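Okay, thanks for coming, everyone. I'll put a structure up and talk you through a few things in it, beginning with a single residue and then zooming out.

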Amino acid sequence: MAIDAPLDVYRDVVRPEWIDTNDHMNVGYYLVVFDLATDEFMRWVGLGQEYRRAHHVTTFCLEAHVTYHREAREGDPLRFTTQLLGHDAKRLHYIHAMYHARDGYLVATNELTSLHVALATRRSAAMAPDILARLAAIQKAHDALPRPPQVGRVMGLAARTG
């Protein structure tokens with residue numbers, strides 16, 4: 001099976017209900033649409049609804065960072081890429097990039113760490129061996145990609161001089 005590097009399948013459009021009083025996509029809806037991209041990514045790596053139901057597991061988001069680069073307006077077509085940055089037996093580290101699908105510019109990024117969780121205990125649990133093998137293959141393909149500059153950014157204000 002060919003490995004997309006990065007994954008580039010999820011598409012959406014900025015919906016009217018996502019628009020705020022500034023006439024652009026509201027900050028909260030960036031997280032909504034990035035979450036929809038996460039659903040597609042999880043399905044692609046093998047952690048979709050079928051796997052979750054069969055193994056009585058899920059994933060929880062441990063941390064998320066969003067960077068905003070350009071506005072998204074009502075009706076704008078969106079294209080999402082996802083790059084696996086790292087993983088271990090229980091965690092995934094990945095980043096989504098949201099692009100304007102027609103004009104090609106970067107709109108925003110969303111860097112996340114997710115935890116694989118057993119539903120019975122609500123505690124972390126190792127992923128199935130076949131999922132870990134799939135992740136290893138994806139990791140190998142994605143490690144060849146440049147690391148996005150938004151990865152690992154720290155938020156804060158630079159000290160003023162003078």
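So, let's start at Met-127, which sits in the loop between strand 6 (123-124) and helix 3 (129-142). Keep in mind that this is a predicted model.

Is Met-127 buried or exposed? Its relative accessible area is 4%, and the cut-off for buried is under 20%, so Met-127 counts as buried.

What does Met-127 touch, once we leave out residues up to four places away in sequence? There's a run from Asp-88 through Ala-89, Lys-90 and Arg-91 to Leu-92. Then add Leu-47, Tyr-51 and His-116, plus Leu-132 and Leu-135. For a contrast, take Asp-103: that's 24 residues from Met-127 along the chain, and their C-alpha atoms are separated by 38 Å.

Now, part of that contact list brings us to a hairpin. Strand 3 and strand 4 make it, with three residues between them. Strand 3 covers residues 77-87, and strand 4 covers residues 91-100. The two pair in the antiparallel sense, over nine bridges. If you want one pair to click on, take Arg-79, whose bridge partner in strand 4 is Tyr-99.

Strand 3 has another neighbour too. Strand 1, residues 11-13, runs antiparallel to strand 3, and three bridges join them. Here the pair to look at is Asp-12 with Leu-78 in strand 3.

How much of strand 3 is covered? Mostly: of its eleven residues, eight are buried. As a reminder, side chains in a regular strand alternate between the two faces of the sheet.

Okay, zooming out. The chain has three helices and six strands, and along the sequence the order goes β-α-α-β-β-β-β-β-α. Of the contacts with a separation of 6 or more, 71% are between residues 24 or more positions apart.

What about overall size? The radius of gyration is 17 Å, and that agrees with the value near 15 Å for a compact globule of 162 residues. Along the principal axes, the C-alpha atoms fill a box of roughly 50 × 45 × 35 Å. Across the 162 residues, 41% count as buried.

Last, the surface and the charges. About 9,300 Å² is exposed, with 53% of that supplied by carbon and sulfur atoms. On charges, there are 18 positive and 19 negative side chains, and the centres of those two sets lie 6 Å apart.

That's my tour. Happy to rotate the view if anyone wants another look.

Notes:
Residues numbered from 1 in each chain as written. Predicted model: local features only at pLDDT ≥ 70, side-chain atom pairs only at ≥ 80, totals over all residues. Heavy atoms only, no water. Buried < 20%, exposed > 50% of the residue type's maximum accessible area, 1.4 Å probe, protein only. Helix = DSSP H or I, 4+ residues; strand = E, 2+ residues; numbered from the N terminus. Pairing = 2+ DSSP bridges. Contact = heavy atoms within 4.5 Å. Rg over C-alpha atoms; globule rule 2.2 N^0.38 Å. Areas by Shrake-Rupley, 256 points an atom, 1.4 Å probe, with all protein chains shown as cover. Lys, Arg positive; Asp, Glu negative; His and termini not counted. Charge placed at Lys NZ, Arg CZ, Asp CG, Glu CD.
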